[in-house]
Amino acid sequence: MLGTAAAFALLWAMAFPAQAGVTGDPVSYEAASAQSWGAEETAATTEGSNDGAVVELTAEQQTLMDADARWSASARLYHAGGGGATGNDSLGCRPIAMRTVATDPRYIPRRTRMFIPETVGMRMADGTIHDGYWYASDTGGAIKGQKIDLYTGHGRGSMQQAMRLNMRTLTIVDAGRFDGCPPAWDAPRAPLMAASARTTGASN
């Protein structure tokens with residue numbers, strides 16, 4: 001009769017045949033998301049919140065805060081390294097921590113610039129305050145319909161800053177479209193494309 005450890009190893013090998021042998025090869029986001037790696041289902045926490053701090057909004061942020069949400073979606077978190085996703089996103093871009101979002105493009109089209117009010121003022125690991133802008137530049141096999149995955153950075157610990165958002169339904173305002181790749185935090189934001197460029201169906 002198999003011991004507990006041996007039985008677990010056998011079940012793991014059957015569930016994740018590509019991981020049965022440790023190869024050290026990177027895992028694509030598509031493969032990782034199909035197995036829900038990096039989507040940590042943990043209890044809500046106040047880590048990463050703004051602790052009640054007052055956030056000074058720009059005119060554009062205030063307009064978006066006051067706007068009606070275009071979508072709502074249940075959020076999960078994913079990260080790079082340590083069994084999480086690696087490599088480029090579905091647009092061929094390097095994922096940007098706390099900017100890149102994986103969506104079902106039939107629900108939220110790729111290249112959508114999103115404004116998520118629940119993330120405004122969120123204090124991140126480096127002390128930066130989140131401005132609420134996210135970019136739909138990734139997809140995943142496990143992301144269907146009203147689900148989004150928020151990319152938090154490298155390593156499981158990077159998820160702690162956003163853990164209060166995990167498994168939570170977030171409201172999403174359409175903030176237009178973006179060209180190229182999601183901007184790094186130290187890069188100026190690309191100009192917002194005209195509202196006429198926004199789409200309601202899947203694109204790219």
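A disulfide, for our purposes, is a pair of cysteine sulfur atoms within 2.5 Å. This is a predicted model, and a search of the whole structure turns up 1 disulfide. Besides that link, there are two nonpolar cores to look at, one of 21 residues and another of 8 residues.

**The disulfide**

- Cys93 is joined to Cys181, with an S to S distance of 2.0 Å.
- The torsion about the S-S bond of Cys93 and Cys181 comes out at about -80°, so this disulfide is left-handed.
- The bridge ties together distant parts of the chain, 88 residues apart: Cys93 sits in the loop between β1 and β2 (100-103), while Cys181 is in the segment after β6.
- Cys93 has 2% relative accessibility, so it counts as buried.
- Cys181, at 44% relative accessibility, counts as partly exposed.

**The largest nonpolar core**

- Nonpolar side chains in soluble globular proteins tend to be buried together.
- Here the largest nonpolar core has 21 residues, and Trp134, Ile148, Leu150 and Ile172 touch the most other members.
- Four strands, β1 (71-80), β4 (133-138), β5 (147-154) and β6 (169-177), each put in at least two residues.
- The top contributor to this core is β1, with 4 residues.
- A separate core, apart from this one, has 8 residues, including Tyr133, Tyr135, Val173 and Ala175.

**Around Trp134**

- Setting aside neighbours within four places in sequence, Trp134 is in contact with Met98, Arg99, Thr100, Val101, Thr112, Arg113, Met114, Ile116, Thr119, Met122, Leu150 and Tyr151.
- One of these partners, Leu150, is also among the residues that touch the most other members of the largest core.

Conventions
Residues numbered from 1 in each chain as written. Predicted model: local features only at pLDDT ≥ 70, side-chain atom pairs only at ≥ 80, totals over all residues. Heavy atoms only, no water. Core = buried A, V, L, I, M, F, W, Y, C linked by side-chain atoms within 4.5 Å. Buried < 20%, exposed > 50% of the residue type's maximum accessible area, 1.4 Å probe, protein only. Contact = heavy atoms within 4.5 Å.
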